[in-house]
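Dear colleague,

Please find below the structure that I am handing over to you. My account of what was found in it comes directly after.

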Amino acid sequence: MADPVHSFDTPLGRFSVRDGGGAIVEAGWRAMTGAEPTPLLIEAEAQVRAYWAGEREAFDLPVRVDAGPLVQDVCALLQAIPFGETRTYGDLARALGRPAQAVGQACGQNPIPLIVPCHRILSATGLGGFSAPGGVESKVILLRHEGAAGLLI
């Protein structure tokens with residue numbers, strides 16, 4: 001049986017979330033199919049909408065990162081970055097004792113963007129990448145929304 005999925009519109013396009021047994025296991029701006037939405041997915045939509053409305057700065061949703069240990073470790077650090085703040089790939093690399101390039105690749109494998117805020121990670125010399133439609137332009141929109149765009153100048 002397919003996991004439940006729920007899709008809804010956001011300022012960056014159609015966003016989908018997947019419930020993998022009581023936790024968000026996948027999210028993003030790509031088409032997903034699955035079973036009918038669960039209350040968790042309806043709550044995820046409400047929290048994402050509240051985020052975009054400026055009424056929520058942190059997500060209070062159970063998430064499970066079904067990925068390798070480095071991606072799990074990176075995602076745990078991403079979740080600890082407060083709204084409106086950024087870190088660099090190097091910051092995370094130092095915290096984990098891993099090369100910055102490996103950390104960057106792990107960020108790119110984050111299966112739950114926005115809710116696990118990989119958009120708050122910058123490279124030492126620029127923005128780095130981002131998985132939403134529009135790539136780094138979408139990352140800038142998110143950072144501006146959070147009041148962190150001053151860091152980009």
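The notes that follow begin with the whole chain and then turn to individual residues.

Please bear in mind throughout that this is a predicted model.

Overall architecture

The protein contains five helices and five strands. Read from the N terminus, these elements follow the order β-β-β-α-α-β-α-α-β-α. The radius of gyration is 15 Å, close to the 15 Å that the globule rule gives for 153 residues, so the protein is as compact as a globular protein of that length. The C-alpha trace spans about 45 × 35 × 25 Å along its principal axes.

Of the 153 residues, 46% are buried. When contacts between residues at least 6 apart in sequence are considered, 56% of them join residues at least 24 apart. The accessible surface comes to about 7,400 Å², and carbon and sulfur atoms account for 52% of that area. As to charge, there are 12 positive and 16 negative side chains, and the centres of these two sets lie 6 Å apart.

Cysteines

You may wish to know how many disulfides the structure holds: a search of the whole structure finds zero. For cysteine 107, the closest cysteine sulfur is that of cysteine 118, at 6.6 Å. A disulfide requires the two sulfur atoms to be within 2.5 Å, so this pair is too far apart for a bond. The relation holds in the other direction as well, since the cysteine sulfur closest to that of cysteine 118 belongs to cysteine 107. Both residues are buried: cysteine 107 has a relative accessible area of 7%, and cysteine 118 has one of 9%.

Valine 74 and its surroundings

Valine 74 is part of helix H2, which covers residues 69-79. With a relative accessible area of 0%, valine 74 is buried. Apart from neighbours within four places in sequence, valine 74 is in contact with Leu92, Leu96, Val103, Ala106 and Cys107. The last of these is the cysteine discussed above, itself buried.

Two C-alpha distances help to place valine 74. Valine 116, 42 residues away along the chain, is separated from valine 74 by 9.9 Å. Alanine 95 is 21 residues from valine 74 in sequence and 9.5 Å from it in space. Alanine 95 belongs to helix H3 (residues 89-96). In contrast to the buried valine 74, alanine 95 is exposed, with a relative accessible area of 55%.

Leucine 114

Leucine 114 sits in the loop between helix H4 (100-108) and strand E5 (121-122). Its phi is near 75°, a positive value in a residue other than glycine. Most residues other than glycine have a negative phi. Although it lies in a loop, leucine 114 is buried, with a relative accessible area of 1%.

Threonine 10

Strand E1 (residues 5-10) includes threonine 10. Threonine 10 is buried, at a relative accessible area of 11%. Setting aside neighbours within four places in sequence, its contacts are Phe15, Trp29, Val48 and Trp52. Threonine 10 and leucine 77 are 67 residues apart in sequence, and their C-alpha atoms are 25 Å apart in space.

With kind regards

Notes
Residues are numbered from 1 along each chain as its sequence is written. This is a predicted model: local features need pLDDT of at least 70, side-chain atom pairs count only at pLDDT 80 or more; totals for chains, interfaces and linings use all residues. Side-chain values use heavy atoms; hydrogens and water are left out. Helices (H or I, at least four residues) and strands (E, at least two) are DSSP runs, numbered from the N terminus. The radius of gyration is taken over C-alpha atoms; the globule rule is 2.2 Å times the number of residues to the power 0.38. Buried means under 20% relative accessible area, exposed over 50%, partly exposed in between (1.4 Å probe, protein chains only). Contact means heavy atoms within 4.5 Å. Accessible areas come from the Shrake-Rupley method with a 1.4 Å probe; for residues, only the protein chains shown count as cover. Lys and Arg count as positive and Asp and Glu as negative; His and the chain ends are not counted. The place of a charge is taken as NZ of Lys, CZ of Arg, CG of Asp or CD of Glu.
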